[in-house]
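Thank you all for making time this morning. I would like to take you through one structure, slowly, and I will stop at a few places where the backbone deserves a second look.

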Amino acid sequence: MNRQELIAQIRLKKSFLCVGLDTEWAKIPAHLMDAEDPVFEFNKAIIDATRDLCVAYKPNLAFYEARGPQGWVSLQKTVDYIGNEHFTIADAKRGDIGNTSRLYAQTFFETYSFDSVTVAPYMGSDSVQPFFDFPNKWVILLALTSNAGSTDFQFGLQDQSTPLFEKVMRQAMTWGTPENLMFVVGATHPEKFADIRKIAPDHFLLVPGVGAQGGDLEALCHYGLNEDIGLLVNASRGIIYAGSGLDFATKAREAAAELQAQMAILLS
Ligand SMILES: O=C(O)c1cc(=O)[nH]c(=O)n1[C@@H]1O[C@H](COP(=O)(O)O)[C@@H](O)[C@H]1O
């Protein structure tokens with residue numbers, strides 16, 4: 001999905017919601033456990049319940065890889081089931097020497113047909129470049145993450161005047177464009193969105209951390225929204241585990257609908 005198509009979907013649905021498919025075996029409702037593939041049955045129900053309310057889905061690879069080959073099968077079925085009308089994010093946080101990154105890119109862009117993959121910038125340009133070599137695909141680069149440890153390195157060490165996340169963003173903007181590069185910025189840093197938008201006024205930002213991690217949608221939108229909306233806000237646990245019983249999909253829909261309704265107001 002390209003930038004114009006993504007923006008069109010957001011305007012059509014009045015939603016910049018990304019549903020995170022962080023499907024944990026231990027949290028799958030008991031009534032699904034007899035299915036041949038409980039992970040896929042769970043994801044399928046969540047996707048059916050939220051399709052019209054969100055524009056993106058983000059399976060986090062950890063939850064699939066942990067289950068070995070069966071996890072990869074569940075992932076493949078999930079991506080196929082999502083289809084082409086939603087933006088898909090492989091949350092894999094990859095990045096390695098060039099020839100290895102090329103195969104990570106091939107894995108997620110060709111073998112699994114994702115639109116985008118999350119990439120760690122730490123190894124520098126030649127570790128990120130191979131992901132840009134795939135036309136019509138996106139790199140989502142970690143910039144300022146949502147976790148408490150983001151203060152360890154990303155704000156810069158004491159002898160550095162420019163925060164590391166800013167250096168990462170400025171450098172990466174020479175590698176990619178707003179058509180193929182997004183940045184991860186955590187919802188837990190709402191005060192940073194004004195600075196972030198000065199650095200990258202046009203790029204889309206993938207914003208995790210709303211819901212379970214306590215980020216506030218309205219606060220981050222205040223500076224985060226741009227003329228093309230420019231935000232994908234992810235919620236995983238807050239949606240997919242809103243309920244745990246027979247009605248888990250209905251509860252997930254209610255949680256997603258609440259966020260979408262707030263987004264519709266913020267877009268109006
Ligand atoms: O790259 C990510 O998606 C990501 C970056 C970040 O800074 N913080 C963060 O929470 N994430 C991911 O976003 C999701 C957040 O999940 P919830 O806290 O359950 O909504 C998880 O899949 C995280 O791995």
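I will go from confidence to fold, then to the ligand, and then to two residues in loops.

What you have in front of you is a predicted model, and its scores are an ipTM of 0.99 and a pTM of 0.97. For the protein chain the average pLDDT is 96, and 99% of the residues score at least 70.

Let me turn to the fold. Eight strands close into a barrel, following the order β1-β2-β3-β4-β5-β6-β7-β8, and their pairing is parallel. From one strand to the next, the twist averages 30°. As a reminder, strands of a sheet pair through backbone hydrogen bonds, and that pairing can be parallel or antiparallel. If you would like one pairing to look at in detail, take strand β4, residues 116-119, and strand β5, residues 138-144, which run parallel and are joined by four bridges. Within that pair, Val119 stands opposite Leu141 in β5. Helix α12, which spans residues 248-267, packs on the sheet and touches both β1 (17-21) and β8 (231-235), and its direction makes about 155° with that of β1.

Now the ligand. Which residues are the closest to the ligand? They are Thr145, Ser146, Pro208, Ser236 and Arg237, out of 20 residues that surround the ligand. Sorted by character, the shell consists of four nonpolar residues, 13 polar ones and three charged ones. As for where the shell comes from, β8 and α11 (237-240) each supply at least two of its residues, so please keep β8 in view, since helix α12 touches that strand as well.Finally, the loops. Most residues other than glycine have a negative phi. Lys14, in the loop between α1 (3-13) and β1, has a phi near 50°, which is a positive value in a residue other than glycine. Ile229, in the loop between α10 (217-224) and β8, likewise has a positive phi, near 75°, and is not a glycine either.

Are these two residues buried or exposed? Lys14 counts as partly exposed because it has 17 C-beta neighbours inside 10 Å, whereas Ile229 is buried because 20 other C-beta atoms lie within 10 Å. The cut-off for buried is 20 or more, and Ile229 has 20 such atoms.

Notes
Residues are numbered from 1 along each chain as its sequence is written. This is a predicted model: local features need pLDDT of at least 70, side-chain atom pairs count only at pLDDT 80 or more; totals for chains, interfaces and linings use all residues. Two strands pair if DSSP finds at least two bridges between them. Axes are lines fitted to C-alpha atoms, for helices over the stretch in contact, and angles run from 0 to 180 degrees between N-to-C directions. Two residues are in contact if their C-beta atoms, placed from the backbone, lie within 7 Å. pLDDT is the predictor's confidence in each residue, from 0 to 100. A residue is near a molecule or strand if its C-beta atom, placed from the backbone, lies within 6 Å of it. Ala, Val, Leu, Ile, Met, Phe, Trp, Tyr, Cys and Pro count as nonpolar, Asp, Glu, Lys and Arg as charged, and the others, Gly among them, as polar. A residue is buried if 20 or more other C-beta atoms lie within 10 Å of its own, exposed if 12 or fewer, and partly exposed in between; C-beta atoms are placed from the backbone.
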